[in-house]
Amino acid sequence: MGLIAEHSSRRRRGLGLSALGFPAIVRAQGEPIRLGLLTVKTGPLASGGIDMEKGLVMYMKERNDTIAGRKVELIVADTGGVPATARTKMQELVEKNRVHAVTGPLAAFEALAIDDYIRSSETPTMSVAAART
């Protein structure tokens, strides 16, 4: 299998697992779903991160802030485009805010900085812009 095909296959498996795991979270608890958004709102990458947030907010408003009939509470964390800050903010989302899942980060170097934490905490994560294997 070629490098591109192998990467694409791993990416599809990861997206499939996230898609399969999220409904289990939705059914598991009666409280609102806490969704974390790890993005860049300050610094040189801010325009992309702000657009990412606006797009997600617009998507959720179109669906009355619900997923599978459950209210969604969006918690946004600004990484500033700094890998160490991305890791700290990810930990805050999981440990302090007790999010059920996270979308983001924006940049691949941020994804690399949080990769081991995501794996150890087993937090369902969907990265819309950054790719990780």
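A salt bridge here is a side-chain nitrogen of Lys or Arg within 4 Å of a carboxyl oxygen of Asp or Glu. With that in hand, welcome to four exercises on this predicted model.

**Exercise 1. Work out the order of the strands in the sheet, and find which strands stand at its edges.**

Solution.
- Step 1: Trace the sheet from one side to the other. Five strands make up an open sheet with mixed pairing, and their order is 2-3-1-4-5.
- Step 2: Look at the two ends of that order. Strand 2 (66-67) and strand 5 (125-126) each have a single partner strand, so one side of each is left without a neighbour in the sheet.
- Step 3: Add the helices. Helix 2 (residues 46-62) packs on the sheet and touches strand 1, strand 2, strand 3 (70-78) and strand 4. The direction of helix 2 makes about 155 degrees with that of strand 1.
- Step 4: Helix 3 (residues 83-96) lies across strand 1, strand 3, strand 4 and strand 5, and runs at about 175 degrees to strand 1.

**Exercise 2. Describe the partners of strand 1, and decide whether its residues are buried or exposed.**

Solution.
- Step 1: Take strand 3 as one partner. Strand 1 pairs with strand 3 in the parallel sense, over seven bridges. In this pairing, arginine 34 stands opposite glutamate 73.
- Step 2: Turn to strand 4 (residues 101-103). Strand 1 (residues 33-39) pairs with strand 4 over three bridges, again in the parallel sense. Here leucine 35 is opposite alanine 101, and leucine 37 is opposite threonine 103.
- Step 3: Check the burial. Seven of the seven residues of strand 1 are buried.
- Step 4: Sort them by face. Ile33, Leu35, Leu37 and Thr39 are on one side, while Arg34, Gly36 and Leu38 are on the other; both faces are covered.

**Exercise 3. Find the surroundings of glutamate 110, and name the nearest side chain of opposite charge.**

Solution.
- Step 1: Place the residue. Glutamate 110 belongs to helix 4 (residues 108-121).
- Step 2: Look for a charged partner. Glutamate 110 is buried and has no salt bridge; lysine 89, the nearest side chain of opposite charge, is 11 Å away.
- Step 3: Look for a polar partner instead. A polar atom of the glutamate 110 side chain lies 3.1 Å from the backbone nitrogen of alanine 107.
- Step 4: List the contacts. Leaving out residues up to four places away in sequence, glutamate 110 touches Val40, Thr79, Gly81, Val82, Ala86 and Pro105.

**Exercise 4. Say how many salt bridges the structure holds, then examine three of them.**

Solution.
- Step 1: The structure holds six salt bridges.
- Step 2: Glutamate 53 and lysine 41 form one of them, with the closest N and O atoms 3.2 Å apart. Glutamate 53 lies in helix 2 and lysine 41 in the loop between strand 1 and helix 2, so this pair ties together parts 12 residues apart in sequence. Glutamate 53 is buried at 16% relative accessible area, whereas lysine 41 is partly exposed at 34%.
- Step 3: Aspartate 116 forms a salt bridge with arginine 87, at 2.6 Å between the closest N and O atoms. This pair links helix 4, which holds aspartate 116, to helix 3, which holds arginine 87, across 29 residues. Both are partly exposed: aspartate 116 has a relative accessible area of 45%, and arginine 87 has 27%.
- Step 4: Arginine 119 and aspartate 115 meet in a salt bridge at 2.9 Å, N to O. The two are four residues apart in helix 4, so about one helical turn separates them. Arginine 119 is partly exposed at 48%, while aspartate 115 is buried at 17%.

How values were computed:
Residues numbered from 1 in each chain as written. Predicted model: local features only at pLDDT ≥ 70, side-chain atom pairs only at ≥ 80, totals over all residues. Heavy atoms only, no water. Pairing = 2+ DSSP bridges. Contact = heavy atoms within 4.5 Å. Axes fitted to C-alpha atoms, helices over the stretch in contact; angles between N-to-C directions. Buried < 20%, exposed > 50% of the residue type's maximum accessible area, 1.4 Å probe, protein only. Lys, Arg positive; Asp, Glu negative; His and termini not counted. Polar contact = N/O pair within 3.5 Å; in protein donor to acceptor, adjacent residues only side chain to side chain.
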